Amino acid sequence: MSNYIVSARKYRPDSFESLIGQDNIARTLSNSIKRGQLAHAYLFCGPRGVGKTTTARIFAKMINCAHPGPNMEPCGECESCESFREGRSYCIHEMDAASNNSVDDIKALLDQVQVPPPVGKYSVYIIDEVHMLSQAAFNAFLKTLEEPPAHAIFILATTEKHKVLPTILSRCQTYDFSRISVPDIERNLRDVAAKEKVKIDEMSLHVIAVKADGAMRDALTIFDQTVAFCGTDVKYEDVIRNLNVLDYEYGFSMVDYFLAGDYQKALLSFNDVLSKGFNALHFIGEISSHLRNLIVSRSGGMDALLELPDSLKQKYAEQAARCSLKFLYDALGISIQCESGYKASSNPRLHIEFALMRMSFLLKQPEAAPAPQAAAPAPASAAPATPAKPAAAPAEPVAAPATPASESAEPARRRRVAKSGASLSLGAILDEKEESAETPQVDAAAQVIPSDDAVTAAFGTLAEQYSGQTRLYNMLRTPVLRFAEADGFKVVTLVVINDAQRKWIEERLLRDMESSLRRILSTTLIKVLVDVTPDSEVEKKPYMPGEQALDLISKNEEVRKLVEIMKLDTK
């Protein structure tokens, strides 16, 4: 078996021209070599796999070439270039600070620095992961780094620049390496595939480039893994199965389900994703990314924000044309909210399913429950039937025209649901359904606006329902109420002492409280609101020890005299 070399090593750049995605850094270093303006210390920082160590090796090769070209490019024939190509260069010394981070390691390096290079003009010392040096090692390194021998050049590389001491940073020229863009990674992978005689489609290249997250080394490693799985004929289906990547088609089909209001298919598709072993949070993240891409596609002049193949861009544009911007914005808000609350949810799957249902109901309201069937008509020989009670009335009266007082609870509920518009949710439907079930059907003639005293007494009755919750029971038993009348309704405002109480009551108690009061007072002509007591009306109670002491002195003359006689400190 021949010796196999992974693509990340086999196709490692050996010149600044072949360096990918770091054009500014390559140009700066190349110009400094041409002008003979070489610094004694450099700091290369940036994410993993973007070419920091490779750039350092190319730099060392160029400055030690015995016969450089007009643009200082290496000749490739001298002893220095030959040793560099064969991996036995005498001018390059590499040290991994992750495992050699003690003072003794740095002292050994400093002793080696004093020896001039046997070949070439400079000895280049490359220290990877320099941020992992200990504090003592950094201190031992400072003086030599500031004033090294004329033949020594230090190149420090790190992925965490913020952990390097400022005294080290001030002695180095700093170069920040950026992540390699998806198109650049795709272009390089396409060249490697051609050299390796591997047939691969554009979508597969894109998936590998995105999976690499800006690191060319990672991209080449994933490419080797894919070729090992698929052989020399790489298919998109095999790539996403091997890399466990969610297919873009799930995003397109999900948005189609949302547009059609088909929450059943959306939930089944989500179940299919889970059955294939994908993480649920990863799925909702992909939905958010898909909605973001649709917004970008729908907005003109923003194509530069889409790092996608042309065929995929066209598909996004076609689906974006069928979506309103408001729908995409609302759906993206729901998906991001779902992502942020995923880890705090006690039932993560239901949390995502509810988000999918909400997105499905953005354009199409859920169907209401079927109205109860009317009783069968009585035989002709039977006595005339008595008029049906309002609770048993059919959804659409067929006798005399219905008046507002004779309408059933179901049409009223539908009007309330329709009025809520885009804020519709399954929770609201269930709450409305419970309210309609709990609110008594009262004859219109018996409905009157209750008096203030009657409402206050009703709150006392209502408090008994919460006798197990002491604070809530006390608040409702002796409530602070404000009364008003508007549009034929008694408007009752329950006054609480802070916003936390108001928010809690509005979210968890208000609907049930209003329904119970209507039942107790036998009327639907009452509305309940919650408000906060103005700060000027809130009784300020002493809290700190000093405040409590002053309050006691102001209320008790004997205590005041005692404090004066004994000259006590009340602070």
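Tutor: Let's start with a definition: helices (H or I, at least four residues) and strands (E, at least two) are DSSP runs, numbered from the N terminus. The model you're looking at is predicted. By that definition, the chain has 25 helices and ten strands.

Student: How much of the chain counts as buried?

Tutor: Of its 571 residues, 39% are buried. The cut-off for that word is a relative accessible area under 20%.

Student: Okay, let me try it on one residue. What makes V296 buried or exposed?

Tutor: V296 sits in helix 14. Its relative accessible area is 5%, and buried means under 20%, so V296 is buried.

Student: And which residues does V296 touch, leaving aside its neighbours within four places in sequence?

Tutor: With those neighbours set aside, V296 is in contact with M302, L305 and L306. You can also look at A320: it is 24 residues from V296 along the chain, and their C-alpha atoms are separated by 8.8 Å.

Student: How do you know whether S269 is buried or exposed?

Tutor: Same test. S269 has 10% relative accessibility, and the cut-off is under 20%, so S269 counts as buried. You'll find S269 in helix 13 (residues 263–275). Beyond its neighbours within four places in sequence, S269 is in contact with Y250, S253, M254 and Y257.

Student: What about pairs of helices? How are they described?

Tutor: For two packed helices, you give the angle between their axes and the distance between the axes. Take helix 5 (residues 103–113) and helix 6 (residues 135–146): the angle is about 20° and the axes are 8 Å apart.

Student: Why is helix 5 called roughly parallel to helix 6?

Tutor: Angles under 35 degrees count as roughly parallel. The angle here is about 20°, so helix 5 is roughly parallel to helix 6. Their crossing is right-handed.

Student: Which residues meet there?

Tutor: From helix 5 you have V103, I106 and L110, and they meet A136, A137, A140, F141 and T144 of helix 6. In that contact seven residues are nonpolar, one is polar and none is charged.

Student: Now helix 14 and helix 15. What are their angle and the distance between their axes?

Tutor: Helix 14 (residues 280–298) packs on helix 15 (residues 310–320) at about 80°, with the axes 8 Å apart.

Student: Why is that pair called roughly perpendicular?

Tutor: The range for that name is 65 to 115 degrees. About 80° lies in it, so helix 14 is roughly perpendicular to helix 15. On the helix 14 side, H290, N293, L294, S297 and R298 make the contact, and they meet Y316, A317, Q319 and A320 of helix 15. The classes come out as four nonpolar, four polar and one charged.

Student: What makes helix 11 one-faced, as far as its buried residues go?

Tutor: Helix 11 covers residues 236–243, and its buried residues are Y236, V239, I240 and L243. Looking down the axis of helix 11, you see these residues within an arc of 90°, so they line one face of the helix. Here's the background: an α-helix has 3.6 residues a turn, so residues three or four places apart point the same way.

Student: What covers those buried residues of helix 11?

Tutor: The cover includes helix 9 (202–212), helix 10 (216–230), strand 7 (233–234) and helix 12 (248–260). Helix 10 and helix 11 pack at about 115°, with axes 10 Å apart. That makes helix 10 roughly perpendicular to helix 11. The pair makes a right-handed crossing.

Student: What is notable about the phi of E129?

Tutor: E129 is not a glycine, yet its phi is positive, about 50°. Most residues other than glycine have a negative phi. E129 is in the loop between strand 3 (123–128) and helix 6. S522 is another non-glycine with a positive phi, about 55°, and it lies in the loop between helix 23 (510–521) and strand 10 (526–532).

Student: Why is E129 put in its accessibility class?

Tutor: Buried stops at 20% and exposed starts over 50%. E129 has 25% relative accessibility, in between, so E129 counts as partly exposed. S522, at 38%, counts as partly exposed too.

Note on methods: Residues numbered from 1 in each chain as written. Predicted model: local features only at pLDDT ≥ 70, side-chain atom pairs only at ≥ 80, totals over all residues. Heavy atoms only, no water. Axes fitted to C-alpha atoms, helices over the stretch in contact; angles between N-to-C directions. Parallel < 35°, antiparallel > 145°, perpendicular 65-115°, else oblique. Left-handed = near helix turned anticlockwise from the far one by under 90°. Contact = heavy atoms within 4.5 Å. Nonpolar A, V, L, I, M, F, W, Y, C, P; charged D, E, K, R; others polar. Buried < 20%, exposed > 50% of the residue type's maximum accessible area, 1.4 Å probe, protein only. Arc of directions from axis to C-beta.
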